[in-house]
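Me: I'm new to reading protein models, and I'd like to look closely at just one part. Could you pick one helix and walk me through how it sits among its surroundings?

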Amino acid sequence: MEGKVVMQPGNNLSVNKKLLNLDIIRAVAAIMIVLVHLELFGWGGHGVELFLLLTGYTAFLSIDRHKDITPLTYYKRRLARIIPSYYGVVLIYFFIYLVVLGERYPVKQIGISLLKYFTLTTTFFPRNLLFWFYLGTTGTIVTIMLFYIIAPFLYKLINNFRRSLIALIVAFAVCQVWVHYLEILYAGTEYAGRHPAYFIYLCFFGVAAYFAVKEKKIFEYITVLMLMGAAFLILDVSNTKLYWIIMFTTLLLATMDVEKWIPDNSFGRVAVSVVRFISKYSYALYLGHPIGILIMKSIFNPDTTTMPMAVYKIVELGFFVLMTFIVYILFEKPAAKLFGGRAKRK
């Protein structure tokens, strides 16, 4: 039965193929983000697309499993664990900038900026209107939370594979038109590239992936993705996010039976444990590691430090780990206990 842990014949690993599959995707996304900020993997920033793909998939997975719950109950399940960590990280940023670094900003700007972040509207405003437009990865988290907010209502319209493909095309078209308008309106700034419209349509790739798995139309969806990629190449579409999301969605679909590939030995069990561990802390890592970068640069200026670069990267990675555990222990773990205990990640 979907959603339950099952014993595979001849395999001592108790795994649910879909949960393990999603855990692998989370782990890969987290590692990619860390590597790009360690300047070790230039394409690592596309791990963001993986998180958005998972957002669409898990949002509809959760709704489908609990069709009898109200939107408010759904928000408790999905958002309650995300928002406390997000708010906590925003406050940490403000504390570092205002208290530790001693930056001076008008009190009115501080109050309005806090209001923007706490109402999830920060990326709806251009950077030059108010300061602190984009603290670390908080802008992407706003997009993820916005999708979770609209997901229960989208589900009433999108409840099968065919409709999910139509929704994907519509979302892509609407977002491209809106971003193009923003690029004209705010020419010369990076605002359009931070607006939720620039990212949120990527979640719909995950929605279609969920229905493709549910209705056993994985081959059909992969075919659509390949045709889509070919069309973008022919049309010379320069949006690299599209090519990455197509590749990642294909990867997600192609690895649904990943548990069958795991050897029944100590190596297999260790591999699963490592993946589960990274997946467990992936959200805290995603939110917390940019703070580690800020702290590292505040202590050791990368342009003037005499520290060997290899040592610098190791120390920076240490700050990543430290901030990950701080965010998890102070915010994510207490929120998980407060809003439903340690339920399994969907």
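Reply: Happy to help; what follows is a walk along one helix, H9, with a short look at another helix for comparison. Please keep in mind that this is a predicted model.

Let's begin with the length. Helix H9 covers residues 218-234, which is 17 residues. At 1.5 Å a residue, H9 should span 24 Å, and its end C-alpha atoms are indeed 24 Å apart, so the two values agree.

Next, which residues of H9 are buried? They are Tyr221, Leu225, Met228, Gly229 and Phe232. Seen down the axis of H9, these buried residues fall within an arc of 100°, so they line one face of the helix. A general point helps here: an α-helix has 3.6 residues a turn, so residues three or four places apart point the same way. On the other side of H9, you will find Phe219, Leu227, Leu233 and Ile234 exposed.

What covers the buried residues of H9? The cover includes helix H7 (161-185), helix H8 (203-214) and helix H10 (240-254).

Now zoom in on one of the buried residues, phenylalanine 232, which has its place in helix H9. Its relative accessibility is 9%, and because buried means under 20%, phenylalanine 232 counts as buried. Leaving aside residues up to four places away in sequence, phenylalanine 232 touches Phe172, Val237, Leu242, Tyr243 and Ile246. Take leucine 242 from that group: it is ten residues from phenylalanine 232 in sequence, and the two lie 8.4 Å apart in space, C-alpha to C-alpha.

After H9 comes aspartate 236, whose phi is positive, near 60°.

For comparison, try the same steps on helix H5 (residues 107-118). Its twelve residues should span 16 Å at 1.5 Å a residue, and the end C-alpha atoms are 17 Å apart, which agrees. The buried residues of H5 are Ile110, Ser113, Lys116 and Tyr117. They cover an arc of only 125° around the axis, which puts them on the same side of H5. On the other side of H5, Val107, Lys108 and Leu115 are exposed. The buried residues of H5 pack against helix H4 (83-100) and helix H6 (138-157). H5 is followed by leucine 120, with a positive phi near 60°.

So, to return to your helix: the buried residues of H9 line one face, and helices H7, H8 and H10 are among what covers them.

Conventions. Residues numbered from 1 in each chain as written. Predicted model: local features only at pLDDT ≥ 70, side-chain atom pairs only at ≥ 80, totals over all residues. Heavy atoms only, no water. Helix = DSSP H or I, 4+ residues; strand = E, 2+ residues; numbered from the N terminus. Expected span 1.5 Å × (residues − 1). Buried < 20%, exposed > 50% of the residue type's maximum accessible area, 1.4 Å probe, protein only. Arc of directions from axis to C-beta. Contact = heavy atoms within 4.5 Å.
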